[in-house]
Amino acid sequence: MSNYNINTICVQGGYEPKKGESRVVPIVQSTTFKYETSQQMGDLFDLKEAGYFYTRLANPTNDAVARKICQLEGGVAAILTSSGQAANFYAILNIAGAGDHIIASSAIYGGTYNLLANTMKNMGIEATFVDPDISAEELESKFKPNTKLVFGETIANPSLKILDIKKFAQAAHKNGVPLIVDNTFPTPIFCRPFEWGVDIVTHSTTKYMNGSANAVGGVVVDSGNFDWEKYSEKFPGLTTPDETYHGIIYTKSFGKGAYITKMTTNLMRDLGAIPSPQNSFYLGVGLETLHLRMERHYENALALAKHLQNHPKVSWVSFPGLENDSQYALAQKYLPNGTCGVISFGVVGGREAAVNFMDSLKLAAIVTHVADARTCVLHPASTTHRQMNDNELAAAGVSPDLIRMSVGIEDIRDIIADVDQALGD
């Protein structure tokens, strides 16, 4: 299926039913799986055989949907998680531990920033945050002997800063570590980061991939391109014996699948952030129309952004699709066919005016969400990013008056009319 075009993969990837089998990916709503002998079960536990024995580690429904996303991104292996937060946590924890250091773009989702700056700091993992506009020379100076990875977001939530992927990939690889990028906002429809040198991709599948706001989820996809054995001393968890599995060495036994196999057999086994098969089914249904929805999201967002640019009650507009936007050049380089459906803007009058605007909307809803079929709006400084101080907000590109609007796939005329009446026209 990976030989097909991306639109076809959206519809039919990940699952190829055989004669008499369900045409739609079945929901295997079972915790356990039956075997005939103890030996069969033992071989599964020893990783000598492939198969299912407990849904916390793997489930046929979850795997089918993970395969589809893997094909969409052009990777070699993928695993679904119970949320986007879990995906980023696992992607990092799989190769970094106490005493290690990571480098991350400062322009990232507030929850991810808190995960790296506080929660993982308490676990002994130190993070250095850098402005995405950092020069290549200054970025190089941030690496330490114990640096294990570099992390960023293709399009930052909510500042909409675009990561200069090649710059960050070159720095990471020069220092013998992988680049991990959260690709939630553009999805593989608008950007396939592996083609630009990214090694591992994550998503909050809760957003565009699901599309209907009915199931939380995440995914980690491995390109298979990073040579773990070349830097064996940095990544002993992958390149030295795992005594919890009788001394198996993941890179030797699973080759390009080593990273995801370790994540499954270690992190899922011990931490258990697995999605329910029901939620994975909803995600799979959403993926079937991803290519259609992303085009409409972008088309609507661009039209609204152009409209707001000329509105007397709007102080500024940020959207990478606008030709005068600071991110336009990077968007043309990495996302020439579109970016996402999220725009940021400020209302004349500051925070109070922003609150009045949002409270006056009728079609668009105020929700703690983004990137589904329905238009919604949020004030990040007082909600999703409220745990940040003023300096951290500034570094993340979140001003006090910033309104994040996730433009849905409704008729654009109705969206614009709703915004206009809320602004007081």
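**Empty spaces in the model**

Visitor: Which helix gives the most to the lining of the largest cavity?
Guide: With three residues, the leading contributor to the lining of the largest cavity (a set of 1 Å grid points where a 1.4 Å probe fits but cannot get out, lined by residues with an atom within 4 Å of a point) is helix 12. This is a predicted model, where local features need pLDDT of at least 70 and side-chain atom pairs count only at pLDDT 80 or more, while totals for chains, interfaces and linings use all residues. Residues are numbered from 1 along each chain as its sequence is written, and side-chain values use heavy atoms, leaving out hydrogens and water. Helices are DSSP runs of H or I with at least four residues, strands are E runs of at least two, and the name you asked for is helix 12.

Visitor: What is the volume of the largest cavity?
Guide: Its lining includes Leu-80, Thr-81, Asn-279, Ser-280 and Leu-283. Strand 1 and helix 12 (277-287) each give two or more residues to that lining. The volume, meaning the space filled by probe spheres set on the points, is about 60 Å³.

Visitor: How many charged residues are in the lining of the largest cavity?
Guide: Asp, Glu, Lys and Arg count as charged, Ala, Val, Leu, Ile, Met, Phe, Trp, Tyr, Cys and Pro as nonpolar, and the others as polar. The lining of the largest cavity divides into five nonpolar and seven polar residues, and the number of charged ones is none.

Visitor: Which element supplies the largest share of the lining of the largest pocket?
Guide: A pocket is an open set of points with protein on both sides within 12 Å along at least five of seven lines, and the largest pocket has a volume of about 810 Å³. Of its 31 lining residues, the closest to the centre are Ala-58, Asp-63, Ile-260, Thr-261 and Thr-264. Helix 3 (60-73), strand 1 (77-81) and helix 11 (258-271) each supply at least two lining residues. The largest share, six residues, comes from helix 3.

Visitor: How many nonpolar residues are in the lining of the largest pocket?
Guide: Nine of the lining residues are polar and three are charged. The nonpolar count is 19.

Visitor: How many polar residues does the lining of the second largest pocket have?
Guide: This pocket holds about 350 Å³ of space, and among its 21 lining residues Tyr-109, Asn-157, Ser-204, Lys-207 and Val-370 are the closest to its centre. Helix 4 (residues 84-93) gives the most to this lining, with three residues. By class there are five nonpolar and four charged residues, and the polar count is 12.
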